[in-house]
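Please open the structure in a viewer and keep the selection tool at hand. The stops below are arranged so that each selection leads on to another.

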Amino acid sequence: MAATVVPLAYQNNTSTAPDWLNKGDNAWQMISATLVGLQSVPGLVILYGSIVKKKWAVNSAFMALYAFAAVVICWVTWAYKMSFGDKILPFLAKPGPALAQKFLIRQAALPATTHYLSDGVTVETPPATPFYPMASMVWFQCVFAAITVVILAGSVLGRMNIKAWMMFVPLWLTFSYTVGAFSLWGGGFLFHWGVIDYSGGYVIHLSSGIGGITAAYWVGPRSKADRERFPPNNVLLMLAGAGLLWMGWAGFNGGDPYSANVDSSLAVLNTNICAATSLLVWTCLDVIYFEKPSVIGAVQGMITGLVCITPGAGLVQGWAAIIMGILSGSVPWVTMIIIHKRCPLLQKIDDTLAVFHTHAVAGFLGGILTGVFAEPVLCNLFLPVTNTRGSIYGGSGGIQFLKQIVGAGFIIGWNVVVTSIICRVIGLIVPLRMSEEQLKIGDDAVHGEEAYALWGDGETYDSTIHGTSPEGDGLHRNLSSGATQVV
């Protein structure tokens, strides 16, 4: 009888594994990537589908789902190497696929450019070489890119033409996200200059918030009726999506040291400290100003706290995370509740889920506060530029604060210009905004589907034509003629 041959990958023999592979680090990196992926699917899919008016539940959820899938394919086909590959410009790398076996199973390494001292010869910090394969790194960075576009979608819910959105996602990923990612993370000019963005306060949140409000300007507002009244269709389900977002942030910030090390532990703890503080501060301000707490307000406070700590999660001390939480629960609250109502430009732009306030304002705030509170010892654990420190620690700290402002300025300026160009180009091909009939009806007109088999706003059922009760037709369509009846 022939002996059974066990494939090498399943043999209990360490000699078959590369010397550089650390199974613990690899497991944590893949878990972190999965947690971030869960923030989008199903996290933001659920949150978007439940926080909007019922007639937009399907469309809002689908915009997030589509964006996630589209980014995955674009990322492995060309965008990963545009973000972390060989430099062709100070802010852009050479596009190329990340699909070949030889590339994916070799040891991870990034960025592709080496960081030298000012003499241009002496290496200050070599590229990071985590102890797991490149496939783990490609996927980890992919889910970050995906959630950025999903966050941006929150600004244009309830009126953007789905065909325009399908074109917008790959274009914005290619010409906006990759530039920010390469400039700050992948070996671009801001990376080598020493601008700090631990886990995406600028690359993800500032860019999505600015890109979102810019796209909202070009797309135009929701219908007048929707702007006046836009109640969530399921507050409890919204909380479930928010919960996935909060708990998933352990992978968001805990995975960015690229190792299961002491810095990842600190990043996870600081993330939860800041988020909890921010939620409580936002809730207290709601009680003081409106005389009652708001569940939606609490979620917004949670999000601003998570966003604010992101650029410095593994670089600040716990007491600094509390201060950042206090400010992230109050500054975006003021910009959203007070300043927004007094600013004609902000009043003109219909940012559906206030992504500008919860992500752009909070991300910028977190970036500059990182320039204040970044602790020198923690900075040396993670950052490529040695002796980096926040302004309260003296030395070069004052310069670091200015670097953070300049870095934010680049991300803001690039996103305004590029997002505007993308929207204008798409607008030449298809309308950016839905038709008035689609805006009136909602999901049934756009997708032929509805979230709930209930009678209410946005449904197209006409009982006088059908002669039956609303419950008799889940899709409310005249199937014999294929026509949609408008109530």
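**A guided tour of the model**

Begin by selecting Cys423, which counts as buried because its relative accessibility is 0%. Select Cys284 as a second cysteine; at 45% relative accessibility this residue is partly exposed. The count of disulfides in the structure comes to 0.

Before going further, colour the chain by confidence, for this is a predicted model. The average pLDDT of the protein is 89, and 88% of the residues score at least 70. Select residues 461–487, where pLDDT stays under 50; the model has 43 contacts beyond four places in sequence for this stretch. Where pLDDT is low, the predicted coordinates should not be read in detail.

**The nonpolar cores**

Select Trp75, Trp165, Phe168 and Tyr177 together: of the 105 residues in the largest nonpolar core, these touch the most other members. Helix H4, residues 134–153, gives the most to this core, with 15 residues. Now centre the view on Tyr177. Leaving out residues up to four places away in sequence, Tyr177 touches Trp75, Gln141, Phe144, Ala145, Thr148, Trp172, Trp185, Val203 and Ile204. Apart from the largest core lies another, of 19 residues, including Ala267, Cys274, Leu365 and Phe373.

**Salt bridges**

Side chains of opposite charge can pair when their charged atoms come close. The structure holds 6 salt bridges. Select Lys53 and Asp226, whose side chains form one of them, with an N to O distance of 2.9 Å. Lys53 lies in the loop between H1 and H2, and Asp226 in helix H8 (residues 224–228), so the pair ties together parts that are 173 residues apart in sequence. Lys53 is buried at a relative accessible area of 8%, and Asp226 is buried at 0%. Add Lys55 to the selection to display a network of salt bridges that links Lys53, Lys55 and Asp226.

Move next to Asp350, which is buried, with a relative accessible area of 3%. Which side chains should be selected with Asp350? One is Arg222, which meets Asp350 in a salt bridge of 2.8 Å, N to O. Asp350 lies in the loop between H14 and H15 and Arg222 in the loop between helix H7 (201–219) and H8, so this pair ties together parts that are 128 residues apart in sequence. Both Asp350 and Arg222 are buried. Another is Arg227, whose salt bridge with Asp350 has its closest N and O atoms 3.7 Å apart. This pair also links distant parts of the chain, since Arg227 is in helix H8, 123 residues from Asp350. Arg227 is partly exposed, with a relative accessible area of 38%.

**Helix H13 and its surroundings**

Select residues 331–342, which make up helix H13. The end C-alpha atoms of H13 are 15 Å apart, which agrees with the 16 Å that its 12 residues should span at 1.5 Å a residue. Within H13, highlight the buried residues Pro332, Trp333, Thr335, Met336, Ile337, Ile338 and His340. These buried residues pack against helix H10 (262–290), H11, helix H12 (318–328), helix H14 (344–348) and helix H15 (355–373).

From H13, step across to Gln300 in helix H11, residues 295–309. Gln300 counts as buried at 19% relative accessibility, because the limit for that class is under 20%. Beyond its neighbours within four places in sequence, Gln300 is in contact with Trp282, Met336 and Thr358.

Select Ala320 in helix H12 as well; at 0% relative accessibility, Ala320 is buried. The C-alpha atoms of Ala320 and Asn270 are 8.8 Å apart in space, while the two residues are 50 apart in sequence.

**Backbone details**

Finally, switch to a backbone display. Val41 and Pro42 are joined by a cis peptide bond with omega about 15°, and Pro42 is placed in helix H1, residues 23–51. The peptide bond from Leu110 to Pro111 is cis, with omega near -5°; Pro111 is in the loop between helix H3 (101–104) and strand E3 (115–116).

Two residues remain to be selected for their phi angles. Tyr258, although not a glycine, has a positive phi of about 60°; Tyr258 lies in the loop between helix H9 (235–254) and H10. Its relative accessible area is 12%, which means that Tyr258 is buried. Glu291, another non-glycine residue, has a positive phi near 65° and sits in the loop between H10 and H11. Glu291 is exposed, at 71% relative accessibility.

Methods: Residues are numbered from 1 along each chain as its sequence is written. This is a predicted model: local features need pLDDT of at least 70, side-chain atom pairs count only at pLDDT 80 or more; totals for chains, interfaces and linings use all residues. Side-chain values use heavy atoms; hydrogens and water are left out. pLDDT is the predictor's confidence in each residue, from 0 to 100. Contact means heavy atoms within 4.5 Å. Helices (H or I, at least four residues) and strands (E, at least two) are DSSP runs, numbered from the N terminus. Buried means under 20% relative accessible area, exposed over 50%, partly exposed in between (1.4 Å probe, protein chains only). The expected span of a helix is 1.5 Å times one less than its number of residues. A disulfide is a pair of cysteine sulfur atoms within 2.5 Å. A nonpolar core is a set of buried Ala, Val, Leu, Ile, Met, Phe, Trp, Tyr and Cys residues joined through side-chain atoms within 4.5 Å. A salt bridge is a side-chain nitrogen of Lys or Arg within 4 Å of a carboxyl oxygen of Asp or Glu.
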